[in-house]
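Let's take a walk through this protein together. Keep the sequence and the 3D view side by side as you read.

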Amino acid sequence: MSFCSFFGGEIFQNHFEPGIYVCAKCGYELFSSRSKYAHSSPWPTFTETIHADSVAKRPEHNRPGAIKVSCGRCGNGLGHEFLNDGPKRGQSRF
């Protein structure tokens, strides 16, 4: 996973400097700091992608309300999109 450090603290969880979050594998633009918000998740959370093709999505059959997300350019795994779990009613959380 690009952002996650499963055995330590996630360094970008509480990082709110202006900028662009890119894929760790290919460098493609994924998220802007403008769409980042604080959440109880240990991973950084965003409400939207930079480009329509920043991420590719596929159903996560064993997790209702979750969609598997990967880089739209190289397919690197990024985690999940959680439907209707964003900061505002009806928004999703990446």
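A contact here means heavy atoms within 4.5 Å. What you have on screen is a predicted model, in which local features need pLDDT of at least 70 and side-chain atom pairs count only at pLDDT 80 or more, while totals for chains, interfaces and linings use all residues. Residues are numbered from 1 along each chain as its sequence is written, and side-chain values use heavy atoms, with hydrogens and water left out.

Let's begin with the overall plan. The protein has seven strands and zero helices, which gives the pattern β-β-β-β-β-β-β along the sequence. Both kinds of element are DSSP runs numbered from the N terminus: helices are H or I with at least four residues, and strands are E with at least two. Of the 94 residues, 37% are buried, where buried means under 20% relative accessible area, exposed means over 50%, and partly exposed lies in between (1.4 Å probe, protein chains only). About 5900 Å² of the protein is exposed, and carbon and sulfur atoms supply 50% of that area; the areas come from the Shrake-Rupley method with a 1.4 Å probe, and for residues only the protein chains shown count as cover. Among contacts between residues at least 6 apart in sequence, 36% join residues at least 24 apart.

Now find the hairpin formed by β1 and β2. Strand β1 (residues 20–22) runs antiparallel to strand β2 (residues 29–32), and three bridges join them. Two strands pair if DSSP finds at least two bridges between them. Six residues lie between β1 and β2, and Gly27 in the turn has a positive phi of about 85°. Within this hairpin, Tyr21 stands opposite Phe31 in β2.

Those two residues lead us to the aromatic rings. A pair of aromatic rings is described by the distance of the centres and the angle of the planes. Rings of Phe, Tyr and Trp (its six-membered ring) pair if their centres lie within 6.5 Å; planes under 30 degrees apart count as stacked, over 60 as edge-to-face and the rest as tilted. By this rule there are two aromatic pairs. The ring centres of Tyr21 and Phe46 are 4.9 Å apart and their planes stand at 70°, so this pair is edge-to-face. Tyr21 is in strand β1 and Phe46 in strand β4 (residues 45–46), 25 residues apart, so the pair links distant parts of the chain. The other pair, Phe31 and Phe46, is stacked, with 4.3 Å from centre to centre and 10° between the planes. Since Phe31 lies in strand β2 and Phe46 in strand β4, this pair ties together parts that are 15 residues apart in sequence. Tyr21, Phe31 and Phe46 form one aromatic cluster; Tyr21 and Phe46 are both buried, and Phe31 is buried too.

Another aromatic residue to find is Tyr37, in strand β3 (residues 36–37). Tyr37 is buried, with a relative accessible area of 13%. Its C-alpha atom is separated by 7.8 Å from that of Thr47, ten residues apart along the chain.

Next comes the sheet. Three strands form an open sheet in the order β5-β6-β7, with antiparallel pairing. The edges are β5 (55–59) and β7 (77–82), each with a single partner strand, so one side of each is left without a neighbour in the sheet. Five bridges join β5 to β6 (residues 66–71), and one bridge partnership is that of Lys57 with Val69 in β6.

Stay in β6 for a moment, where Ser70 is found. Is Ser70 buried or exposed? Ser70 is buried, with a relative accessible area of 11%. Not counting residues up to four places away in sequence, Ser70 touches Ser54, Val55, Ala56, Gly75, Asn76, Gly77 and Leu78.

Finally, look at the cysteines. A disulfide is a covalent bond between the sulfur atoms of two cysteines. Here it is taken as a pair of cysteine sulfur atoms within 2.5 Å, and the count comes to zero disulfides. For Cys71, the nearest cysteine sulfur is that of Cys26, 3.7 Å away. For Cys74, the nearest cysteine sulfur is that of Cys23, 3.7 Å away. Cys71 counts as buried at 2% relative accessibility, whereas Cys74 is partly exposed at 29%.
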